[in-house]
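Reader: Please take me through the labels used for this model, and give the reason behind each one.

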Amino acid sequence: MGLWILLALLTAASGFGFAILWRRQAALNAEIVSLREALSALEATQAVPRRRSRGGEGSNVIPVDGGVVPLPAASPADRAARAWRLEDTSFSFPGADVPPETLRGLGLGAAAAAPALGFFFGAAPALIVAAGLSVALAMTLLGLRYAWRASAWAGAVTGAGWALIGFVLGAAQQAPVIYSVFLTFCGVAGLAHAHLRRAAPGSVLALAMATLSLALASQIGVIGPAGAAFSCIVAAAAIIGALSLRLEALHLAAFGAALIGLFVLSGQDAAAIWFTPAASWAGALFLAIAFTRVPQLGPRGVALAGTGALAPLLTISALHFAQHGLANPLAAAGAFALLSAVLGALIAVSAQRRRDGLAALKVTLWVLTFAAFTALAAAIALALPAPISGAVFAATALGLAILNTRLPDSAWRFFALAAALFAGFNAIQSGQLLLLEAPSWPDWTLIGLGVALPAAILAGAARFADGSEARITAAVLESFAFALAIAAANLLVRLFFSSGATMLAPIGFVEAGAHICVWLIAALLIASRAQRGPGTRLMTATGIGAVALLAAAVAGALWLSPYWTARELAETPLPYAPLGFLAPAVLFFAHWVFWRARGSEVRTRAVFAASAAMAAGFIALEVLRHTEMPGWASALIAAVTFALAIIVNFAPGVVGGSGRDSYRDENFHRNRRRQ
């Protein structure tokens, strides 16, 4: 019953198409007849005989738009028949006036339905389906001729119909080799027609063949005739789609079909053996196509660059996470590193083909660079632990900064910042290993290799970026370097005060003062070099100083509560508690001297007030530590000390007599000159 329904649907679809073709041809015939009648009437009423001025025979002409159109001279018999209005009594065969297009359509319809006669003679369904697919193949190839161009759609409909009939009847499962061979022939023929003529009919035929071959492969196994047919059609579609920008959608469809085929294979028993070679073949296919066509297309090869880079990335990731051929992290890292190198070579080859070099690649350069950086980052993350990965990522940023000096491009600067960000993440992980007392790494190795070394490398990258006039990149890289350097110093302070037991020893008041001193020293050093390098150093120094000022205020306020008292241990390396006030007070005073000499009024007042407050806290805490002194005397001295700390802020000469921020003006004019 299902067979007759399919045959009826196929016949109805063919009849509907041929009816539309017949109506269109009839309309054209009627229009031609009306034009002929109008021409005959015009000839009978407006024809004017003319004779040449010097001999010769006359000719009939028709005046048209101020000119004349000559008509062929009629024979005497024709003129007599026209004069006596005699009818044409010549004999013609029936159907002789049928247009040739109609006859072609009838022939195609008969050929499409002819294999169905085999069911009445008891032929094998596999042979009948093969005959139908052969007819579809012939129609598709016949459509390459201009006169038979309409047969391409007939071939697409016929091929899809007979392939579906064979799948439903079970002929595909009974004879998968024959069925798959003819599916492959029809699919490749459709792709050839799409490349040489029109894309629509050939693409539809190839899509139908690929879909049915994948459906059969999901039933009997991808590793078999159906899978081979599907692979051949996908490979042909990927290659033919890459040959012309007109067929780029066909290439993208092939990429999606390859992913679907690998997904189907991953759920079958044969995946344990065949998934690795199948996935490797798919990744290598699209990478090879990209390596061949992207240098030729340049900025127009964005889609091919995307599929060529994404296919191997997904392949390596799938083989690693699915525990197949690249289950070993080092093997996967090696594959990612090799892919990154290949994509880098592709960028170099593509740039050499263009007159404007890298700038001519436009979005294609970004796609390839993103893929290469992603592969390199995956290789580093898989092969190296966090303390080493941070330095390698920093070295990557340095290499991109150096490359930007030779071949300036925004892509190198962007991914240099991305590498610096990854270096920062790995440095944070190294710091966590230290604070969590990881037994596998020595403390000094974690600080030096995991935090301090990336900071030094990023500082060098910032220097190269600043030399190539990449101001924003240099400023961000230098900010990362400053942050990591300060973090390394803070980790050293923590390691010193905790004696290596970072999880057991809490942070005391003196240690908090030491951390504040680290920030103040860093801010002072950065501010002293603000006139060289990126113009954001002054802003960075101000931000670090503000953090130190806020931390000092919080630490001093907490001293009034039992917070620090409960955390002070007798075995701390520096049990002298007032040092937590004294050391920051000295450094705040150094900041006051520095900013006052440069005329920065706001900064001068802020650091002087902080220095006076911390000095008052030191004196008050020192007085309170002497228990032999009466309580009222200690309280009086403390109160007078804090009062003097407030009053001294209003003393003349604290800020200086300039009345303006000369340091800010100097930096403003310096930046204007550099621009």
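Author: What follows sets computed values against the rules that name them; the model is predicted.

Reader: What makes the pair of Phe 255 and Phe 286 edge-to-face?

Author: Among the 14 aromatic pairs counted, Phe 255 and Phe 286 have ring centres 5.3 Å apart and planes at 90°. Centres within 6.5 Å make a pair, and planes over 60 degrees apart make it edge-to-face, so both conditions are met.

Reader: Why is this pair said to tie together parts of the chain?

Author: Phe 255 belongs to helix α10 (residues 248-266) and Phe 286 to helix α11 (residues 271-297), so the pair links parts 31 residues apart in sequence.

Reader: How do you know whether Phe 255 and Phe 286 are buried or exposed?

Author: Buried means under 20% relative accessible area. Phe 255 has 11% relative accessibility and therefore counts as buried; Phe 286, at 1%, counts as buried too. Over the chain, buried residues make up 42% of the 675 residues.

Reader: Why is the charge of Arg 149 said to sit over the ring of Tyr 146?

Author: The charged end of Arg 149 is 4.2 Å from the ring centre of Tyr 146. The distance cut-off is 6 Å, with a further limit of 35 degrees from the ring normal, so 4.2 Å satisfies the distance part.

Reader: What is the distance for Arg 603 and Trp 595?

Author: Arg 603 lies over the face of Trp 595, 4.9 Å from the ring centre, and this value is also within 6 Å.

Methods
Residues numbered from 1 in each chain as written. Predicted model: local features only at pLDDT ≥ 70, side-chain atom pairs only at ≥ 80, totals over all residues. Heavy atoms only, no water. Buried < 20%, exposed > 50% of the residue type's maximum accessible area, 1.4 Å probe, protein only. Phe/Tyr/Trp six-rings, centres within 6.5 Å; stacked < 30°, edge-to-face > 60°. Helix = DSSP H or I, 4+ residues; strand = E, 2+ residues; numbered from the N terminus.
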